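Student: I have a structure in front of me and would like to learn how to read its features. Please take me through them one at a time.

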Amino acid sequence: MPDYTTELAVMRQMMGSRDGLVVFSERLALVNGIALTDPVALVARLRENKWLHGYCDPALWPALAPHFGADFKVDTTYDRKRVDDYAFGITRAVGAIAETGTIVLNDATTSRRLGALTPWVHIAVVERAKIFSDLPEAVAGLGQDTNVIWVTGPSKTADVEGILIEGVHGPGIQIALVV
Amino acid sequence: MRFQQIDQFAAELKADTRAAVYDGSKKGHEKRTKLLFDEYADPDRLRRIAGEVKQHVVENLDTYLPQVEAKLKANGVIVHWAATAEAANQAVLGIMRARGATKMVKAKTMVSEETELAHFLEKHGMEALETDLGEFIVQIDGDHPSHIVKPIIHKNRREIATSFEKNGLGAYNDDPQTITRRARHFLRHKYLEADVGLTGANFVSAESGRLVLVTNEGNSRFCLAATKCHIAMVGIEKIVPRDYDLALFLNLLARSGTAQELTVYTEFISGPKSPTQPDGPEEMHVIFVDNGRTEVLASDCRDILRCIRCGACLNVCPVYRQASGHAYRSVYPGPVGAVLSPLMMGNKFPQKADLPKASSLCGACHEVCPVNIPIPDLLLRLRNRAKEENVPSPGTPPMGAWAVLASQPTAWRASLFGGKIINYLPTKLLPIPALRAWEAKRSLPAWRGGEFRKWLKTRKGRADFSPPASSRAEAKKAD
């Protein structure tokens with residue numbers, strides 16, 4: 001079997017000595033995702049778009065609740081029957097990948113697979129210290145979780161005449177809240 | 001029949017379809033090239049190494065497959081082996097019946113296209129709904145995909161809007177965004193009602209037993225978030241040796257397939273859901289499908305088993321762009337299909353022996369292949385096989401006379417001189433169908449037979465091109 005170093009699969013001149021968060025934000029923007037670092041900005045954006053009803057991971061809610069006003073209705077239990085009611089879903093990510101603007105979810109860290117998938121807006125809360133540089137690093141960090149999913153921007157298709165449409169089955173808006 | 005089947009199909013293709021296929025495939029190819037060459041110092045090295053890794057797997061499937069099986073079992077996955085398409089479908093049906101399941105949501109998998117799983121399940125009273133937007137449209141239309149990554153590359157928005165209207169998905173509206181939203185609303189409830197989610201796998205790591213699944217729409221993730229049972233149908237050649245190799249292959253697959261740096265959803269699945277996770281399958285089955293692959297392995301074209309189904313060779317192929325995918329009458333169209341499809345026919349090879357001939361051997365498919373498959377070489381081997389099995393080749397001019405001339409120097413020289421007559425003949429009127437068809441769209445260049453030989457003999461600096469003295473001496477000895 002041929003041997004090679006993982007450097008082969010790293011994009012040239014992407015990271016250099018740059019900060020992981022800077023590269024991550026820049027790359028996420030390229031796939032029409034949004035990186036935020038301030039919960040206040042997040043809440044403002046949700047309000048501005050009238051995305052007022054959502055689901056939030058119960059573990060995250062105590063820290064986030066003070067930023068949300070009384071105009072919001074946020075459930076900390078996910079009800080499958082109300083799939084069309086949730087405008088946003090807030091879940092925890094286990095990490096991110098700078099090179100590609102990707103967030104990393106797994107079964108242990110993410111409260112509900114559906115909570116990150118069915119609402120129009122998905123907000124992944126990711127710790128700044130857990131940003132991998134590139135794909136080889138992220139593969140090496142897959143860990144023991146039985147289901148790891150990398151999410152790079154909003155769900156999309158180009159099946160109809162090659163025209164890009166976002167929000168096919170999953171979120172049309174993908175936000176990473178880096179804390 | 002005047003022509004070979006694939007030529008006949010291409011000749012009768014609607015102009016609309018040809019334009020849709022041409023534009024779609026060309027766009028994909030150009031973006032791919034830009035991405036790879038902008039982002040890697042030596043993109044060719046990536047694909048050469050990826051090719052070597054996959055070739056290693058293909059040559060050692062006998063050790064990798066048991067290794068993967070053991071790993072999957074240890075991860076809590078139930079493993080099935082299916083030698084044929086029928087066996088694979090029966091395995092799926094058996095799993096569904098054992099669970100009392102009647103509803104399946106399906107992500108896009110080429111293996112299930114091979115086995116015609118959805119038709120099979122419907123015949124047995126099960127609902128099997130395609131969830132990839134393109135595949136969903138193909139399903140409600142009763143059509144077939146014509147591209148392995150872009151299944152409806154041959155359709156335009158008007159056709160899609162018409163079939164949505166016919167299938168009760170709203171009044172006629174051909175805005176792509178409206179089409180997509182309607183599919184979103186219809187399908188999300190279907191996922192939540194389904195009992196079983198079926199997917200394929202893009203890669204399976206022998207080291208960890210992880211299945212890797214890539215999509216953009218999020219449909220396979222939805223299948224695996226909403227249902228309680230996951231069935232994966234996997235071709236036996238999908239293995240990569242280590243997790244380590246996944247970064248390399250994922251980089252190549254997204255760029256080659258859809259000119260993306262990474263697909264939107266890249267999922268690594270090593271078993272049923274974690275006990276603490278409320279959503280997702282409690283039961284997971286992997287069905288390893290042979291369906292003709294071991295025959296390919298035994299042939300002199302086994303390199304084709306490296307294929308990672310990116311579709312780059314379709315996008316770049318001048319024949320595919322003109323003929324469209326349906327001309328190949330197979331699940332796999334384009335250059336990869338021209339090799340794989342006839343091979344997978346087993347002893348019915350002659351039925352698809354026309355496919356390897358529908359190529360100008362320009363080599364573009366080899367050049368773009370992320371696993372460096374020498375497709376033109378394989379096409380030649382299959383042409384040779386067709387010749388040896390005396391498969392008829394309608395529409396191809398007989399080459400017997402050419403063979404006689406080309407193997408006798410005197411006759412060859414005479415024909416080079418005598419050919420000049422073609423410059424004075426009214427070729428458009430000659431009763432040779434192949435020539436007339438050709439001349440209908442092009443004009444024959446003037447005959448210059450013998451000019452090259454003349455130039456070769458009289459040119460200056462001849463020594464530069466002569467074979468080295470030693471090999472000349474050997475050639476002499478051989479004489």
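Tutor: What follows goes through the cores, one strand, the interface between the chains, the salt bridges and one residue.

Tutor: First, some ground rules. This is a predicted model, in which local features need pLDDT of at least 70 and side-chain atom pairs count only at pLDDT 80 or more, while totals for chains, interfaces and linings use all residues. Residues are numbered from 1 along each chain as its sequence is written, chains are lettered from A and ligands numbered from 1 in the order in which they are written, and side-chain values use heavy atoms, with hydrogens and water left out.

Student: How many residues does the largest nonpolar core have?

Tutor: A nonpolar core is a set of buried Ala, Val, Leu, Ile, Met, Phe, Trp, Tyr and Cys residues joined through side-chain atoms within 4.5 Å. Buried means under 20% relative accessible area, exposed means over 50%, and partly exposed lies in between (1.4 Å probe, protein chains only). Here the largest core has 148 residues, and Phe24(A), Trp150(A) and Leu211(B) have the most contacts inside it. Helix α12 (residues 244-258) of chain B gives the largest share of this core, seven residues. There is also a second, separate core of 23 residues, which includes Ala88(B), Val92(B), Leu93(B) and Ala118(B).

Student: How are the helix and strand names assigned?

Tutor: Helices (H or I, at least four residues) and strands (E, at least two) are DSSP runs, numbered from the N terminus. Take strand β7 (residues 121-126) of chain A, where six of the six residues are buried. Val121(A), Ile123(A) and Val125(A) point one way from β7(A), and His122(A), Ala124(A) and Val126(A) point the other way.

Student: Which strands pair with β7(A) in the parallel sense?

Tutor: Two strands pair if DSSP finds at least two bridges between them. Strand β4 (residues 88-92) of chain A pairs with β7(A) in the parallel sense over five bridges, and Arg92(A) stands opposite Val125(A). Strand β12 (residues 173-178) of chain A also pairs with β7(A) in the parallel sense, over six bridges. There, Ile173(A) is the bridge partner of Val121(A).

Student: What area is buried between chain A and chain B?

Tutor: The size of an interface is often given as the accessible area lost when the parts come together. Buried area is the accessible area (1.4 Å probe) that two parts lose on being put together, summed over both. For chain A and chain B this is about 5,900 Å², with carbon and sulfur atoms giving 55%. On the chain A side, Tyr4(A), Arg113(A) and His169(A) lose the most area to chain B, together 14% of what that side buries. Counting contacts (heavy atoms within 4.5 Å), 59 residues of chain A meet 79 residues of chain B.

Student: How many salt bridges cross this interface?

Tutor: Side chains of opposite charge can pair when their charged atoms come close. The rule for a salt bridge asks for a side-chain nitrogen of Lys or Arg within 4 Å of a carboxyl oxygen of Asp or Glu. It finds five across the interface of chain A and chain B, and 34 over all chains. One pair at the interface is Arg242(B) with Asp3(A), at 3.8 Å from N to O. Arg157(B) and Glu161(A) form a salt bridge too, their closest N and O atoms being 3.1 Å apart. Arg157(B) lies in helix α9 (residues 157-166) of chain B and Glu161(A) in the loop between β10 and β11 of chain A, so this pair joins two chains. Arg157(B) is partly exposed at 25% relative accessible area, and Glu161(A) is partly exposed at 31%.

Student: Are the partners Arg293(B) and Glu237(B) buried or exposed?

Tutor: Both Arg293(B) and Glu237(B) are buried. Their closest N and O atoms are 2.8 Å apart in a salt bridge. These two residues also belong to a network of salt bridges with Glu114(B) and Arg309(B).

Student: Where does Arg27(A) lie?

Tutor: Arg27(A) lies in helix α1 (residues 20-30) of chain A. With a relative accessible area of 8%, Arg27(A) is buried. Leaving aside residues up to four places away in sequence, Arg27(A) touches several residues, including Met11(A), Glu99(A), Glu39(B) and Glu261(B).
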